[in-house]
Amino acid sequence: QFLDAILVEPLMVTWLDLSFNEITKVPSHISKLEHLVVLYLHGNRVRNVRSLEHLQFCAKLRRFTLHCNPVCQKPAYRAKAVALLPPSLTHFDFTMVTKPDRAGAHSWLQSEGRRFFTDPNMKDKLLAQREAALRAQQEAAAAAAARDADDDEFDLDMSDLEL
């Protein structure tokens, strides 16, 4: 309702900057923005990383900020946040999401995730989602390597051509 009231076509939103608005909790209806790529929430008053849980449904989300919120002072803030955000995320708090970030998120999900979620199956859903994303990345890398190898077969040496 909130998004419908302020936007003409809320489902088409790709970039949303809600920074510096004294927000205390990430609005759950943001998860309905299926085309959302960038979400900025820095400089607010978010205290609990749990409010990120529903953002996993923003499957296209690539950039997200939450720095300068009270939640940033909590232990394992980055690992928890990366674990709760979709695997499509490439930048968090204006820095790249690295393999160690993803490993820390996976480790946190394995060890503490079950106690964290209100939905007891959420941990398993997130782990399965991340494993599927990892498999897709590995398959894409293998396909790219195979294409590169095929391209090498067709490289011609100009000296082989008769002019």
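**Group meeting: helix α2, the core and the aromatic pairs**

Okay, let's start with the buried residues of α2: they are Tyr77, Ala79, Lys80, Ala81, Val82, Ala83 and Leu84. Buried here means under 20% relative accessible area, with exposed over 50% and partly exposed in between, using a 1.4 Å probe and protein chains only. That makes 7 of the 8 residues of helix α2 (residues 77-84), so the helix is largely enclosed by the rest of the structure.

Quick word on what we're looking at. It's a predicted model, so local features need pLDDT of at least 70 and side-chain atom pairs count only at pLDDT 80 or more, while totals for chains, interfaces and linings use all residues. Residues are numbered from 1 along each chain as its sequence is written, and side-chain values use heavy atoms, with hydrogens and water left out.

Now the overall layout. The protein has 4 helices and 5 strands, and along the sequence they run α-β-β-β-α-β-β-α-α. Helices (H or I, at least four residues) and strands (E, at least two) are DSSP runs, numbered from the N terminus. The 5 strands make an open sheet, ordered β1-β2-β3-β4-β5, with mixed pairing; two strands pair if DSSP finds at least two bridges between them. At the edges sit β1 and β5 (95-96), each pairing on one side only. β4 and β5 run antiparallel and are joined by 2 bridges, and Phe92 stands opposite Thr95 in β5.

Of the 163 residues, 40% count as buried. As for contacts, meaning heavy atoms within 4.5 Å, residues 24 or more positions apart account for 53% of those with a separation of 6 or more.

So which residues have the most contacts inside the largest nonpolar core? That would be Phe64 and Phe92, in a core of 34 residues. The elements giving two or more residues to this core are α2 and α3, and α2 supplies the largest share, 6 residues. By nonpolar core I mean a set of buried Ala, Val, Leu, Ile, Met, Phe, Trp, Tyr and Cys residues joined through side-chain atoms within 4.5 Å.

Let's stay with Phe92. Leaving out residues up to four places away in sequence, Phe92 touches Phe64, Leu66, Tyr77, Arg78, Ala81, Val82, Leu85 and Val97. Several α2 names from the start come back there, including Tyr77, Ala81 and Val82. Arg78 and Val82 turn up again with Asp101, over in helix α3 (residues 99-116). Asp101 contacts Arg78, Val82 and Met96, not counting neighbours within four places in sequence, and it's buried at 16% relative accessible area.

Last topic: rings. There are 4 aromatic pairs in the structure. Rings of Phe, Tyr and Trp (its six-membered ring) pair if their centres lie within 6.5 Å; planes under 30 degrees apart are stacked, over 60 edge-to-face, and the rest tilted.

Take Trp15 and Tyr40: their centres are 5.5 Å apart and the planes sit at 80 degrees, so that pair is edge-to-face. Trp15 is in strand β1 (residues 15-17) and Tyr40 in strand β2 (residues 38-40), so the pair ties together parts 25 residues apart in sequence. Trp15 is exposed at 51% relative accessibility, whereas Tyr40 is buried at 11%.

Then Phe64 and Phe92, with centres 6.0 Å apart and planes at 5 degrees, so they're stacked. Phe64 is in strand β3 (residues 63-65) and Phe92 in strand β4 (residues 91-92), 28 residues apart. Both are buried. And finally, Trp15 and Tyr40 join Phe94 in one aromatic cluster.
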